Every structure is written in C-alpha cells, then in structure tokens.
Amino acid sequence: MVMLTQAIERLRFFCDTIPGLLAQIDELDFSYKPHAAKWSKKEVVGHLIDSATNNHHRWVRAQFEEQPHIVYNQNQWNACNYYQQMDSRQVIAFWLAYNRQLLALLRLMPEAALAREVNTGGASCVTIAFLVNDYVVHLEHHLRQIVEY
C-alpha cells in the first residue's frame, strides 16, 4: 500500500503543478510537430488523457469483471481524438479534470480491489495496483518531455 500511497501523492502533485506550467507554453510551441509522424506537446498531453481513459476503464472494470481484456492503439486514439486541432486550454483542462477524477477514485477504492487483475494484452495479467503505479510512472515520463518542474 506504501507504493500506492506514493503514486497517489505524486498524481496529486502533478494535478496541482502541471496545468499552470502547461498554460505558460506558447500556443505555437505547444502545437509544434517536429515531424508529421511525431506528436506535438499538445498531442502528448492528449496521449496522457487517453492513457487516463483506458486506465480508468481498467481500474473500474477489474473490480467487477474477471480479468477484463482492455488494450488500446495509442496512435489511433490520439488521431481520432483530434487533440492537435483543439484549443490548448480545453486539452489541459480535460487532462486535469480526468486526473482529479482518478485521484478521487483511488482514494475511495477498497484496498482489496488492488489485487484484482486486468489483461492489457501482455503475456500475463497485471493487478490494479501495478497499473496505478505504472500509470504514474508513464505520466511522469511524458510530462518531463514537455515541462520542467
């Protein structure tokens, strides 16, 4: 439970810190694509929203389904959400709202549920606890690509 507590605290820190830093990025820089096949900073934030969405499904469904199979194509999700064409403030606000929702969920989730398993397309199933920690590590990896904090 200690690792999960640390992940929750880290996620809270990101929610309190990152939106203000993202809002300071110039729109041209936030939307700049270094290559047609590469994501802009705005699209990276969009990818983090997609990650939040898919992990939300995993964390909730694993509590009442037996090893749900939940995978996603990150490139297709990003493209079909049209983050690049959206207003940056909308993307940032959605990222913040979704992560605040995940924080509330994690604070209320019974500890016993953390051992429930999900099939994410890998060789074996993983627990909700693993997914929570992995989500926060993944989030930080991408945030460090965009802003310094």
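Contact here means heavy atoms within 4.5 Å. With that in hand, let's work through some exercises on this predicted model.

**Exercise 1. Lys33 and its surroundings**

Task: Find where Lys33 sits, which residues it is in contact with beyond its neighbours within four places in sequence, and which side chain it joins in a polar contact.

Solution:
- Step 1. Start with the position: Lys33 belongs to the loop between helix H2 (27-31) and H3.
- Step 2. Next, list the contacts. With neighbours within four places in sequence set aside, Lys33 is in contact with Lys38, Trp39, Ser40, Glu43 and Gln84.
- Step 3. Now pick out the polar contact: the side chains of Lys33 and Glu43 are joined at 2.7 Å.
- Step 4. Check the exposure. Lys33 has 27% relative accessibility, so it counts as partly exposed.
- Step 5. Finish with a long distance. Lys33 and Glu111 are 78 residues apart along the chain, and their C-alpha atoms are separated by 42 Å.

**Exercise 2. The largest nonpolar core**

Task: Name the residues that touch the most other members of the largest nonpolar core, and say which helices supply at least two of its residues.

Solution:
- Step 1. The largest nonpolar core holds 40 residues, and Leu22, Trp59 and Trp95 touch the most other members.
- Step 2. Each of these helices supplies at least two residues of the core: H1 (2-23), H3 (41-64), H5 (88-108) and H6 (128-146).
- Step 3. Take a closer look at Leu22. Not counting residues up to four places away in sequence, Leu22 touches Phe30, Val45, Ile92, Ile146 and Val147.
- Step 4. For some background, nonpolar side chains tend to be buried together in soluble globular proteins.

**Exercise 3. Leu21 and Leu139**

Task: Decide whether Leu21 is buried or partly exposed, do the same for Leu139, and list what each one touches.

Solution:
- Step 1. Leu21 is found in helix H1, whereas Leu139 lies in helix H6.
- Step 2. Recall the cut-off: buried means under 20% relative accessible area.
- Step 3. Leu21 has a relative accessible area of 24%, so it is partly exposed. Leu139, at 0%, is buried.
- Step 4. Apart from neighbours within four places in sequence, Leu21 is in contact with Val147, Glu148 and Tyr149.
- Step 5. Not counting residues up to four places away in sequence, Leu139 touches Leu11, Phe14, Leu48, Trp95 and Asn99.
- Step 6. Add two C-alpha separations: 23 Å between Leu21 and Asn81, 60 residues apart along the chain, and 21 Å between Leu139 and Ala37, 102 residues apart along the chain.

**Exercise 4. A charged residue in helix H6**

Task: Work out whether Glu140 is buried or exposed, and which side chains make polar contacts with its own.

Solution:
- Step 1. Glu140 lies in helix H6.
- Step 2. Its relative accessible area is 15%, so Glu140 is buried.
- Step 3. The side chain of Glu140 makes a polar contact with the side chain of Arg144 at 2.9 Å, and another with the side chain of Tyr149 at 3.0 Å.
- Step 4. Not counting residues up to four places away in sequence, Glu140 touches Arg10, Phe14 and Tyr149.
- Step 5. Now try Phe130, which also lies in helix H6. With a relative accessible area of 45%, Phe130 is partly exposed.
- Step 6. Phe130 and Val118 are twelve residues apart in sequence, and their C-alpha atoms are 9.9 Å apart in space.

**Exercise 5. The largest pocket**

Task: Describe the volume and lining of the largest pocket.

Solution:
- Step 1. The volume of the largest pocket is about 150 Å³.
- Step 2. Its lining consists of His47, Ser51, Asn55, Arg58, Tyr72, Gln74, Thr120, Leu131, Asp134, Tyr135 and His138.
- Step 3. H3 and H6 are the elements that give two or more residues to this lining.
- Step 4. Sorted by type, the lining has three nonpolar, six polar and two charged residues.

**Exercise 6. Positive phi in the loops**

Task: Find the phi values of Gln67 and Tyr82, and place each residue.

Solution:
- Step 1. Gln67, in the loop between H3 and helix H4 (74-81), has phi near 45 degrees, a positive value in a residue other than glycine.
- Step 2. Tyr82, in the loop between H4 and H5, has a positive phi near 60 degrees and is likewise a residue other than glycine.
- Step 3. Gln67 has a relative accessible area of 38%, so it is partly exposed.

Notes: Residues numbered from 1 in each chain as written. Predicted model: local features only at pLDDT ≥ 70, side-chain atom pairs only at ≥ 80, totals over all residues. Heavy atoms only, no water. Core = buried A, V, L, I, M, F, W, Y, C linked by side-chain atoms within 4.5 Å. Buried < 20%, exposed > 50% of the residue type's maximum accessible area, 1.4 Å probe, protein only. 1 Å grid on protein atoms, 1.4 Å probe; cavity = no way out; pocket = protein on both sides within 12 Å on 5 of 7 lines; lining within 4 Å. Points joined across faces, edges and corners; volume = space filled by probe spheres on them. Nonpolar A, V, L, I, M, F, W, Y, C, P; charged D, E, K, R; others polar. Polar contact = N/O pair within 3.5 Å; in protein donor to acceptor, adjacent residues only side chain to side chain.
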